[in-house]
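Please go through the model shown below with an eye to its core, its voids and two strand residues. The report keeps to computed geometry.

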Amino acid sequence: MKKTLVALAVLAASGASFAQVSLTGEFAYGYLATTSGTGATASGGGLDTSLLTFGVKEDLGGGTSVAVTMKTDGTSGRSGTIANDDQMIDVKTSFASCKMASWKPGNWLQGNTGYAGWYGLDGRVLGARGIYDSIGVSVPVGPVTLSATAYEPNGLLGEGSGNAGTVLQQNTTLGLGYAAGALSLSAGYVTYANQNATDSTSKSITRAAAKYDFGVAAIGAGVAVTSLAGDGTNTQTLVSLSAPIGALSVNAGWASNKTDVSATSTLAASNGTKTGYQLGLQYNLSKRTYGILNYGNWLNAVGDAQNSNLTALTLVHDF
């Protein structure tokens, strides 16, 4: 112990940098009941999240710093196994930031409209999230942030597209953000590689979103239009609302997903519009412990006999 203290003192005296390490996490346990669009039901209690996050930060001097985040998850019960979660390194200078990551990015519409629901509408009404390797650069210019990010699907850096018989698509995303006071605006354009005649591959996505915090409540809205490589488009929209009421907060989200392709397309069975909503209540027992009640209802697929739904009650502790 004394040797360690002496070594740290020598580093401090010499002006050398050393890393600051943190350990944080989240534990969530609760009850979930679901009904599928075919009428099948399931319910039960159990562990939802057992997440550990290791953070390392280092000041390199001259306005440059490095931050590394490593997460482990999947320790669901005594028979569970520890699995990798998001891993990333972020190098920041006085004028730009470069982030390299192997992760599962959040749904763009949910993130940029301020959607606060514990259970997302992604993978239900909105498109499902995927695993990516990525490298991106962002440059703040006053209230505006410019960004460009290259994504490689399925966490296969350098191997995600071009594999024979696959439709894995690399994509490059250009982003524009604006934040001033209570108003935030976001826009983005995504262009895809490995386009082919398969109707489900994408050519591009055009995105726009806005959110405004009135103090008593915050609202947000966004749209993402995908041009499909075969033919036609897919349009996804989201409207969100959140309002704090003392220790209680209320959140809601409504989404739609419309596919419009020709009758000869292999996606023709998906033609139509899926919609859904989620309602949530969060009660804060302390700064780190809170309970959440969620209800969601959505049409999972065009042609389903009925809407799917979920009801969830969860107790969460962050540390």
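Which residues does Leu 238 touch, not counting residues up to four places away in sequence? They are Leu 109, Gln 110, Thr 113, Tyr 115, Leu 121, Leu 126, Gly 220, Ala 221, Gly 222, Trp 254 and Ala 255. The model is predicted.

**Overall layout**

The protein has two helices and 16 strands. It has 319 residues, and 31% of them count as buried. Among contacts with a separation of 6 or more, 49% join residues 24 or more positions apart.

**The nonpolar core**

The largest nonpolar core has 15 residues. Within that core, Leu 121, Leu 126, Leu 238 and Ala 255 touch the most other members. Two elements, β9 (183–192) and β16 (308–318), give two or more residues to this core. Leu 121, Leu 126 and Ala 255 are also among the residues that Leu 238 touches. In soluble globular proteins, nonpolar side chains tend to be buried together.

**Cavity and pocket**

The structure holds one cavity of 30 Å³ or more. The largest cavity has a volume of about 40 Å³. Its lining consists of Ala 116, Gly 117, Trp 118, Asn 251, Leu 281, Gln 282, Ile 292 and Asn 294. Strands β14 (272–284) and β15 (289–298) are the elements that give two or more residues to that lining.

The second largest pocket takes up about 930 Å³. It is lined by 24 residues. Lys 104, Gly 106, Trp 118, Asp 122 and Arg 129 lie nearest its centre. The elements that give two or more residues to the lining of this pocket are β2 (41–61), β3 (64–73), β4 (83–92) and α2 (108–113). Of these, β2 gives the most, with three residues.

Trp 118 lines the largest cavity, and Trp 118 also lies among the residues nearest the centre of the second largest pocket. The linings break down by class as follows.

| Lining | Nonpolar residues | Polar residues | Charged residues |
|---|---|---|---|
| Largest cavity | four | four | none |
| Second largest pocket | seven | eight | nine |

**Two strand residues**

Asn 171 is found in strand β8 (residues 171–180). Is Asn 171 buried or exposed? Its relative accessible area is 6%, under the 20% cut-off, so Asn 171 counts as buried. The side chains of Asn 171 and Thr 173 are joined by a polar contact of 3.2 Å. Beyond four places in sequence, Asn 171 touches Tyr 132, Thr 149, Ala 150, Tyr 151, Val 190, Thr 191 and Tyr 192.

Ser 202 lies in strand β10 (residues 202–213). Why does Ser 202 count as buried? Because its relative accessible area is 11%, and buried means under 20%. Leaving out residues up to four places away in sequence, Ser 202 touches Gln 169, Tyr 192, Gln 195, Thr 226, Ser 227, Leu 228 and Ala 229. Gln 169 is 33 residues from Ser 202 along the chain, and their C-alpha atoms are separated by 8.1 Å.

Tyr 192 links the two accounts. Asn 171 touches Tyr 192, and Ser 202 touches Tyr 192 as well.

Notes. Residues are numbered from 1 along each chain as its sequence is written. This is a predicted model: local features need pLDDT of at least 70, side-chain atom pairs count only at pLDDT 80 or more; totals for chains, interfaces and linings use all residues. Side-chain values use heavy atoms; hydrogens and water are left out. Helices (H or I, at least four residues) and strands (E, at least two) are DSSP runs, numbered from the N terminus. Buried means under 20% relative accessible area, exposed over 50%, partly exposed in between (1.4 Å probe, protein chains only). Contact means heavy atoms within 4.5 Å. A polar contact is a pair of N or O atoms within 3.5 Å; within protein, one must be able to donate a hydrogen and the other to accept it, and residues adjacent in sequence count only if both atoms are side-chain atoms. A nonpolar core is a set of buried Ala, Val, Leu, Ile, Met, Phe, Trp, Tyr and Cys residues joined through side-chain atoms within 4.5 Å. On a 1 Å grid over the protein atoms alone, a cavity is a set of points where a 1.4 Å probe fits but cannot get out, and a pocket is an open set with protein on both sides within 12 Å along at least five of seven lines; lining residues have an atom within 4 Å of a point. Grid points are joined across faces, edges and corners, and a volume is the space filled by probe spheres set on the points. Ala, Val, Leu, Ile, Met, Phe, Trp, Tyr, Cys and Pro count as nonpolar, Asp, Glu, Lys and Arg as charged, and the others, Gly among them, as polar.
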